[in-house]
Amino acid sequence: MDRIPILQMGEYLLVTIQVDMHDRLALTLQDDLTNRIVETGARGLLIDISSLSMVDSFIGRMLSNISSMARVLDAETVVVGMQPAVAITLVELGLYLPAVRTALNVEKGMAYLQERLMEKSPMESDSADTEE
Amino acid sequence: MTPLILKSETVPIRSDEDVSRLRQTVRQYAIALQFSIVEQTKIVTAASELGRNVIVHGGGEGTAYLETFSQGIRNGLRIRFEDNGPGIADINQALRDGFTTGGGLGLGLGGAKRLVNDFEIESIPGKGTRVTIARWK
């Protein structure tokens, strides 16, 4: 079965979805990403959907699931590059995806992830000093 | 005025790969009718939802009938989805956002309806379901 490649860049995982995914491929991606986050200890996940000319409720749910699963595993997710027609259609479909963080492009997406990681780190060193 | 059918095609739906293929076929038809990108995306997305419904709820297999037609000054794309699955007992309930019997988001049927100009659904429990959608240009 074909798989969507997942690239690792330090603490981040990058996925670019360039094919029209049939449902099983989408589920495989969900599993693969979850496994890779655990294997690598990745803290950030960037999903590039700039090549997707359609996102339906199944793919929308996949993105939402991935975001939630990553969060449970202490990783932040950002979805980048959503095409305007896709955004318009998703809203009309009734899919608001509140749990999915988005950014305009890969650059902004990475900047967001780096920001989130930096926000998290100070808290972790503070809690070691707290005596309550 | 009776519509003039310009082109038609029958697409079997038996797997999620068939649904993927259906999406691409619908996209090509929509492009040929010179639908805008947004119009194309809407009908492809609607077709994807209904195609999936055939697999998940329609007994696992069915057929999509595509037709491009011309009626007066407007052209359109019509897609009819037919299956011989368990059917829908309460159509109004099925159309409601959030209602799902398949563990999904429950947006497929109602969502598809919102994305198209014409939407018709007939279903007989125990016999099957037919959903017809159309978008005009």
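**Exercise 1. Work out the strand order of the open sheet in chain B, and find which strands stand at its edges.**

Solution. Step one: in this predicted model, the 5 strands of the open sheet in chain B follow the order E1-E2-E3-E5-E4, and their pairing is antiparallel. Step two: look at the ends of that order. Strand E1 (4-13) and strand E4 (118-124) of chain B each have a single partner strand, so one side of each has no neighbour in the sheet. Step three: add the twist, which averages 10° from one strand to the next.

**Exercise 2. Describe how E4(B) is joined to strand E5 of chain B, and what packs on the sheet.**

Solution. Start with the pairing: E4(B) and E5 (residues 128-136) run antiparallel and are joined by 7 bridges. For one of the partners, take B:Ile124, whose bridge partner in E5(B) is B:Gly128. Now turn to the packing: helix H1 (residues 16-32) of chain B touches E1, strand E2 (62-71) and strand E3 (74-83) of that chain. The direction of H1 makes about 165° with that of E1(B).

**Exercise 3. Characterise the interface of chain B and chain A.**

Solution. First, the extent: about 1900 Å² is buried between the two chains, 53% of it on carbon and sulfur atoms. Chain B brings 23 residues to the contact and chain A brings 20 residues.

Next, the charges: 7 salt bridges are found across the interface. In one of them, B:Glu17 meets A:Arg24, with the closest N and O atoms 2.9 Å apart.

Finally, the elements: H1, helix H2 (37-57) and helix H4 (108-115) of chain B each supply at least two residues of the side that touches chain A. H2(B) gives the largest share, 9 residues. By type, the residues on this side of chain B are 7 nonpolar, 8 polar and 8 charged.

How values were computed
Residues numbered from 1 in each chain as written. Chains lettered and ligands numbered in written order. Predicted model: local features only at pLDDT ≥ 70, side-chain atom pairs only at ≥ 80, totals over all residues. Heavy atoms only, no water. Pairing = 2+ DSSP bridges. Helix = DSSP H or I, 4+ residues; strand = E, 2+ residues; numbered from the N terminus. Axes fitted to C-alpha atoms, helices over the stretch in contact; angles between N-to-C directions. Contact = heavy atoms within 4.5 Å. Buried area = accessible area lost by both parts, 1.4 Å probe. Salt bridge = Lys/Arg side-chain N within 4 Å of Asp/Glu carboxyl O. Nonpolar A, V, L, I, M, F, W, Y, C, P; charged D, E, K, R; others polar.
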